Amino acid sequence: MFTRRSYFYLFFCFCGLSFSLVWGQERFLCENCKRWVPASAKRCPFCGIEFGDEVECTNCNRVIPASAKRCPFCGVRFQDSSGVEAERDSRGKRERGDRVGEGEGSSSGRFGLLDLLEYEGYFRVYARTDFGKGAKTLGWWNLYGRLMNERPWFTFGISQKFLRQRSETDPGVRVYGRIEGDSFRVGDEKQGSLSSFSLTQIYLEVVNIPYRHFVVQLGTLWYNMGYIGIYDWYVAQSFWETVGVRAGMRYRDMEWFVALGDSGYDVYQRRKQTFEDAGYDSVPTVGGLFKVKLGEVWLGSSVMLRYEFGDSASKNAPRQTDSVDYRDVLRGDVLERYLDANPSDPNGDFFPASRAVDDFSWRWTFWLGFGGVRLGGIRLRWNDFSVSLEKKPADQALRFSANGVTKDVYISRFTDERYELLVLDESYWELSSRVDMVMGIFFSYAWDGDNRYRPDDQNRLAFSILFRPQIYLTDYFHLLNEVSFAVERSLIGNRYREHFDSLTTNTDGVFDPEGLEWGDTDIKYTLQFKTGLVFNPFGKGIYNRPSIRLLFGVQYSNVHAAFKNSYEESLARQNLFNARKDLHWHYMISLEVEHWFGNY
């Protein structure tokens with residue numbers, strides 16, 4: 001059954017196709033009057049010049065009048081008295097139809113729909129079994145490597161060009177859109193629902209107008225410098241959450257831009273996860289990026305600043321409820337404690353009010369990329385080193401109910417000191433003609449200046465090292481092996497349970513029903529090993545696609561049931577869904593296919 005979102009996507013696709021059919025015509029800049037004209041035109045409708053009288057400069061290949069004695073772009077002079085047309089050797093006079101790709105002498109300058117569209121895509125789908133444990137992934141997350149720890153994924157991006165660039169300095173205009181989601185019919189519990197997909201990118205890009213190398217992008221502003229494929233992690237990225245405009249200069253070995261926009265809807269989506277009545281509030285965002293190539297080394301850095309203004313009359317702005325203890329908020333009994341302490345206010349009419357506050361957050365990134373280094377008989381094909389440091393936006397509120405009373409407790413000041421440092425590195429090594437290897441390192445340090453009471457993801461250190469050698473049995477059949485070791489450590493107390501009957505809520509390892517710690521250890525070790533046969537129809541290469549894999553994976557962790565499961569932790573006798581034994585090992589078989597495709 002179609003939902004509102006289904007109709008939205010159908011409408012978007014219909015509009016895009018209609019727009020391409022109606023306006024899918026390339027345009028060119030008249031070299032005489034500098035105005036845009038349709039590619040199919042025989043003469044400029046503004047200045048009247050006949051386009052059949054244009055040819056390419058024999059030196060720079062730019063289009064100029066056939067009678068020109070000197071190229072206005074590169075300055076070369078033509079010796080023949082009749083101009084450049086006489087110097088064009090066997091290539092002959094350049095017809096307008098040849099300019100737009102219709103073949104020499106063609107009278108039509110119009111492109112077909114497929115000539116004007118470029119597309120790219122990716123999908124990952126699998127069938128797996130873990131022998132009755134009910135998990136779809138080997139471990140909890142990509143810290144142990146993306147392989148067998150990811151869910152299905154599909155991405156499709158399409159670009160509509162309105163000007164064809166013959167060189168990197170020619171004018172160009174294009175519209176780009178991308179849809180992404182994590183569901184396929186009979187591939188997961190969402191059954192391929194369109195509600196699992198979203199239009200993650202849509203923008204208009206204008207290049208070399210009005211100046212060479214000048215680039216303007218309007219719409220979504222995401223920019224990524226380096227991709228850590230072995231963990232499937234975008235670290236050195238900026239403006240994923242921002243819609244607006246960015247402008248700068250793009251050269252072959254250098255690029256920079258400044259950006260201005262709004263990140264309000266991304267912040268709204270984050271807050272919606274913990275507060276169902278969260279609403280949109282604008283978050284003005286500014287920043288920029290600089291990237292340069294020095295020899296064979298790429299260096300880049302970016303900064304993004306977000307500021308959200310507190311408005312006393314807006315319920316969607318960041319706010320803070322005063323005179324409440326954050327520990328009571330974390331325990332979930334802040335309202336119950338207030339009612340117990342104030343029996344003369346059974347309806348909570350005098351529960352502390354909230355006030356508007358401002359919120360400032362930011363992200364800084366650094367990227368280093370290099371390759372082509374030889375160490376004896378070993379070649380480093382590529383190394384990607386990425387760093388990000390972020391101060392995260394504050395949450396808004398939590399809702400509590402007690403004794404028939406419901407109150408919203410605003411927590412923006414309790415959640416505005418959350419930071420995270422990410423350092424990831426991936427290197428691709430050619431060990432021999434028959435063995436390649438990818439090595440990855442993952443380091444994360446997250447801390448919360450407000451929450452020094454309850455262990456969570458905002459107070460954690462995580463480290464992982466991973467090796468994936470791939471042996472080429474033949475050009476098409478390969479043996480894949482991958483081993484990873486990870487450590488996760490809570491910074492402020494116990495967070496993990498080593499046994500099925502370990503402590504739950506506690507304080508310093510002593511059972512306490514009001515305690516904010518969980519389990520009997522503050523550290524988690526995870527070891528994963530995967531092996532199997534890979535069929536690559538296009539030959540050798542760890543990242544060559546399509547890739548069809550039959551894999552066996554095993555995980556060991558000191559933590560009980562360290563994978564996504566449906567077990568219930570209660571030790572009550574009537575609970576039939578407690579494993580009643582420690583589960584430190586997890587096994588899985590996976591048949592999967594992964595492919596990147598496109599006509600770029």
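**Strand β22, its neighbours, and a selection of salt bridges**

Good morning. Strand β22 and strand β25, the latter covering residues 418–432, pair in the antiparallel sense over 12 bridges. Two strands are said to pair if DSSP finds at least two bridges between them. Strands themselves are DSSP runs of E with at least two residues, while helices are runs of H or I with at least four, and both are numbered from the N terminus. One position in this pairing is asparagine 383, whose bridge partner in β25 is serine 427.

Before I continue, a word on the origin of these values. This is a predicted model, in which local features need pLDDT of at least 70 and side-chain atom pairs count only at pLDDT 80 or more, whereas totals for chains, interfaces and linings use all residues. Residues are numbered from 1 along each chain as its sequence is written, and side-chain values use heavy atoms, with hydrogens and water left out.

What else pairs with β22? Strand β21, residues 373–375, joins β22 in the antiparallel sense over three bridges. Here valine 373 has leucine 380 in β22 as its bridge partner. The hairpin of β21 and β22 has two residues between the strands, and glycine 376 takes a positive phi near 70° there.

Strand β20, residues 359–370, also runs antiparallel to β22, which spans residues 378–391, and nine bridges join the two. Among the partners, tryptophan 364 is matched with leucine 389 in β22, and phenylalanine 366 with valine 387 in β22. β20 is further joined by 12 bridges to strand β17, residues 297–308, again antiparallel. In that pairing, tyrosine 307 stands opposite phenylalanine 360 of β20.

Which residues of β20 lie on its covered face, and which on its uncovered one? In a regular strand the side chains alternate between the two faces of the sheet. The covered face of β20 holds Asp359, Ser361, Arg363, Thr365, Trp367 and Gly369, and the uncovered face holds Phe360, Trp362, Trp364, Phe366, Leu368 and Phe370.

I turn now to charged side chains. A salt bridge is a side-chain nitrogen of Lys or Arg within 4 Å of a carboxyl oxygen of Asp or Glu, and by this rule the count comes to 45. One of them links arginine 151 to glutamate 189, with the closest N and O atoms 3.1 Å apart. Arginine 151 lies in the loop between β5 (117–129) and β6, and glutamate 189 in the loop between β7 (172–181) and β8 (197–207), so the pair ties together parts that are 38 residues apart in sequence.

For exposure, buried means under 20% relative accessible area, exposed over 50%, and partly exposed in between, using a 1.4 Å probe and protein chains only. Arginine 151 is partly exposed at 24%, whereas glutamate 189 is exposed at 58%.

Aspartate 333, which is buried at 14%, forms a salt bridge with arginine 331 at 3.9 Å, N to O. Aspartate 333 also forms one with arginine 337, at 3.0 Å, N to O. Both arginines count as partly exposed: arginine 331 at 29% and arginine 337 at 31%.

Lastly, salt bridges can form a network: Arg124, Arg128, Arg146, Glu150, Arg545, Arg549, Glu592 and Glu594 are linked in this way. Thank you.
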